[in-house]
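New page in the notebook. I'm going to look over the whole chain and then pick one helix to follow.

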Amino acid sequence: MKTISRQRRDEMIDALRRGTVPTQSLDLLAVGLDRFADTLSEELEGIKAGGARFKAVRGEYGTGKTFFSRWLADRARQMGFATSEVQISETETPLHRLETVYRRLMERLGTPDTLTGAFRNILDAWFFTLEEDVLAEGNITSGDQAQLLERSNALMEKRLAVVTQSAPMFAVALRGYHTARASGDAAVADSIAAWLAGQPNVAASCKRSVGVKGDIDHFGAMSFLQGLLTVLRDSGHAGLYLVLDEVETIQRVRGDMRDKSLNALRQLIDDIDSGRFPGLYLLITGTGAFYEGPQGAQRLEPLAQRLHVDFQTDAKFDNPRAVQIRLPAFDFDRLREVGRKVRDVYAMHASSPDRVLAKAGDAYIDELAHAVAGRLGGKVGVAPRIFLKKLVADILDRVDQFPEFDPHQHYKLTIQDTELTPTERHAAAATSVDEIELT
């Protein structure tokens, strides 16, 4: 296992201690994803060459959909991609309102150097690149700021020509941002950057000063996404890896909103296929009910056709190149393996690595995995989150801090309803095998 820095190790362990999925170095914890790795890397290479791709991931609770999407995001950043993850929800980020999706995308936009909130850095790097290209022409000098500003703005509009046809305000706002930044007007520059990122309630006076008005709407959001992709490519990024997580929430909204959401997803897929978004890798995650149920993709026949994949054959023959891939449920072998990986990562910068490895040995991790799964009605598929949380917070932290602590003698597993998600609570409430829901 490769060694990571103390900071990255702590970030990973802190996330597991809270019961959430880490965001970096996930290859150290990945279990059962090797069969996807080569194909996904090839697909990302295709995006770097100017392509675009849509991918759907399906899996029930506990199969690791969020882990998978962040594992791939980590790989994408290593290849030079900007990344963003948007949680689809009924109230905060409904899919039928793409302007809201765009705003969340921009808020969570990250690069290899800045994991979130990277839009301003990307913008500034892009204008620096434009100015360098202008200076390389040899017609003006770096001291002629007025000419440099005018020529770089003209070059910007030339490179955004395709985007300007559908969203002229994108280039207008960028020109205003660049001018305000060059003149030292930080207030206007900040406001216009926020407007470009889809933020509402930007001061009308700031918008008027650069010649834009209103807010970005549902249709404008997609044109602005085109503009973002152009900016990313011009500033040296390989493209954008975008995750729309938990799209199954579409099934819970009102009927008319559900239909609009499904149609928005269908339109996104078609736009990717048509070449509208070069440099975009869009991945969605959802449960089997979303892909197969009457309130999900099957409700819109064109969408169901685009997402359909035959999963009747043995899972070992699943095609990772297909538009939709399925993640297998956790079994005891995978649960034990990921527990051991977490233990090894924890030991990297522990105060007493040898003690951690000895007292939380493979045999004890196996016992804990069986115990946690047993408390959850024997349903291993829903156990990973709470198992890893217990392993880190209840066992590894105590072994690391207290030399006399022995998990066999001093620890008894307890799981309270308040620390479980509804799905985990449902599994824990099963009193017989017949009550355990099977996938």
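Below are my entries, from the overall picture down to that helix.

**Entry one: the whole protein.** I note at the start that this is a predicted model. I looked up the secondary structure and found 20 helices and five strands. Next I checked the overall dimensions. The C-alpha atoms fit a box of roughly 75 × 55 × 40 Å along the principal axes. A compact globule of 439 residues would have a radius of gyration near 22 Å, and the protein has 25 Å, so the two agree.

**Entry two: inside and outside.** I looked up burial: 52% of the 439 residues count as buried. The exposed surface comes to about 19800 Å², with carbon and sulfur atoms supplying 49% of it. For contacts between residues at least 6 apart in sequence, I got 71% joining residues at least 24 apart.

**Entry three: charges.** I have 55 positive and 62 negative side chains down for the protein. The centres of these two sets lie 2 Å apart.

**Entry four: helix α5.** This one runs over residues 119-136. At 1.5 Å a residue, its 18 residues should span 26 Å; the end C-alpha atoms are 26 Å apart, so the span agrees.

Which residues of α5 are buried? I listed Phe119, Ile122, Leu123, Trp126, Phe127, Leu130, Glu131 and Val134. And what covers them? The cover includes α4 (98-107), α6 (145-159), α8 (168-183), α9 (186-196) and α11 (218-234).

Last jotting: just after α5, Gly138 takes a positive phi of about 85°.

Technical notes
Residues numbered from 1 in each chain as written. Predicted model: local features only at pLDDT ≥ 70, side-chain atom pairs only at ≥ 80, totals over all residues. Heavy atoms only, no water. Helix = DSSP H or I, 4+ residues; strand = E, 2+ residues; numbered from the N terminus. Rg over C-alpha atoms; globule rule 2.2 N^0.38 Å. Buried < 20%, exposed > 50% of the residue type's maximum accessible area, 1.4 Å probe, protein only. Contact = heavy atoms within 4.5 Å. Areas by Shrake-Rupley, 256 points an atom, 1.4 Å probe, with all protein chains shown as cover. Lys, Arg positive; Asp, Glu negative; His and termini not counted. Charge placed at Lys NZ, Arg CZ, Asp CG, Glu CD. Expected span 1.5 Å × (residues − 1).
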